[in-house]
Amino acid sequence: MGDRPGICVVGGSVAGTAAAQALRTKGYDGEIRLIEAEAQLPYDRPPLSKQVLQGGLDLPALQFQSTADWSRLGITLSLGASVTGLDSGQRVLRLSDGSELRASGVVLAPGTESRPLPFPDEQARVRRLRTLEDALVLRGSLRTARSIVLVGAGFIGLEVAATAVRLGLDVTVVELLPLPLAPAIGEVAAERVCAAHRDGGVTLLTSRSVAEVRGDGRVSTVVLDDGRAIEADIVVAGVGVRPATGWLAGSGLELGDGIEVDAYCRTSADLVYAAGDAARWHNPAFGARMRVEHWSTAREQGATAAANLLGELRGESAARTPFAHVPYFWSDQLDMKIQHVGRILAGGHSEVEHDGDGALFVTHRLGGRLTGATTINRPRDAMLSRRRISEECERLGPPNG
């Protein structure tokens, strides 16, 4: 990076791009290099399972910024470059081509990677949905297929199911949990979502797992743990993700369920920060360590990490801002906009505030305090609840403290 090392941001998803942009807009005048393993310009991922599969969006509409926009910000993009190692003490990044980059500061935003399949697939017939390329290939297949099996009824799996059923496919979802989504949004909302999918034509098989995928070169049959065989032209796995941190082994950073950082997004090494899906931080709002795989968390945390890194570089550590965050996520499925804010805490209880006209509003409380809310087609209630939780955490401290 020249005689005067600049700042390296690893990862071009929402956390990494937010960090890179914040570094420049907050006055950093040195070199900023954004390193991304995919060869594409950094792009937004939530539409992959919805608008892209439906055929409504392609790459230009997904990109966070154009090449010209990145150039105007003075941010250097290293695309198609994988980072294979980090010496956190010296802040030296090793790339897959054998080169090294020395930086005055680093923001790590590597995101997540798919978990291994819990069943054999020697011929790699089971598909994933992680990248734009995955989405485009799957989109083409959906146009000619008659049936699809989704393994896993998480948000991505159910979003793909909703898209596929609207395209006229015979859709089956296989889920190990007895009530999909319940740990994330509570039982009441989870039951409503599952009922909507079944009413929409999705065959949702719960408390079941896949034992085997059969076919000669391509999928033909999915065999469940109870021996049932389901014909399928396509099988897509949504069995969860894990932090993409294997390359950080030996880096000197503290690792656990992700990259361990403090309330300011600072790792165990000087001038090395982390944000996004792979960062596990102390959240002052809830008085707990957490790792959150949500778009809004990644965007806000990336900007906070960048600001605090700049503060440390400038010797202004006392002015750093803790990332006191009320988590928020959404999912669009069938005719439902599902939104969840805050957390569902152990020992708490849920209350239905509104139920009717295709809409649902459920609050989650602990000791009288609002800690979370789940809505279906009630976006105003979701945002007002998030604001209230944030204000109460700031005024009263953590709800579980």
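## A walk through two sheet regions

In this predicted model, start by selecting Val151 and Ala237: Ala237, in S15, is the bridge partner of Val151. Now widen the selection to residues 147-151, which make up strand S9. S9 runs parallel to S15, and four bridges join the two.

Next, bring in the rest of that sheet. Show S11, S10, S9 and S15, in that order, and you have an open sheet of four strands with parallel pairing. Colour 203-205 (S11) and 234-237 (S15) to pick out the edge strands, each of which pairs on one side only. As you step across the sheet, the twist from one strand to the next averages 15 degrees.

Time to jump further along the chain. Select 369-376, which is strand S26. Is S26 mostly covered or uncovered? Mostly covered: eight of its eight residues are buried.

Keep S26 on screen and add its partners. Residues 359-366 are strand S25, paired with S26 in the antiparallel sense through seven bridges. Zoom in on the connection: S25 and S26 make a hairpin with two residues between them, and Gly367 in that turn has a positive phi of about 60 degrees.

Then add 336-342, strand S23, which is also antiparallel to S26, this time over five bridges.

For a last stop, centre on Thr374 in S26. Which residue of S26 is the bridge partner of Val362? That's Thr374, and His340 stands opposite Thr374 as well. Put Val362, Thr374 and His340 in sticks, and you have both pairings in view at one residue of S26.

Note on methods
Residues numbered from 1 in each chain as written. Predicted model: local features only at pLDDT ≥ 70, side-chain atom pairs only at ≥ 80, totals over all residues. Heavy atoms only, no water. Buried < 20%, exposed > 50% of the residue type's maximum accessible area, 1.4 Å probe, protein only. Pairing = 2+ DSSP bridges. Axes fitted to C-alpha atoms, helices over the stretch in contact; angles between N-to-C directions.
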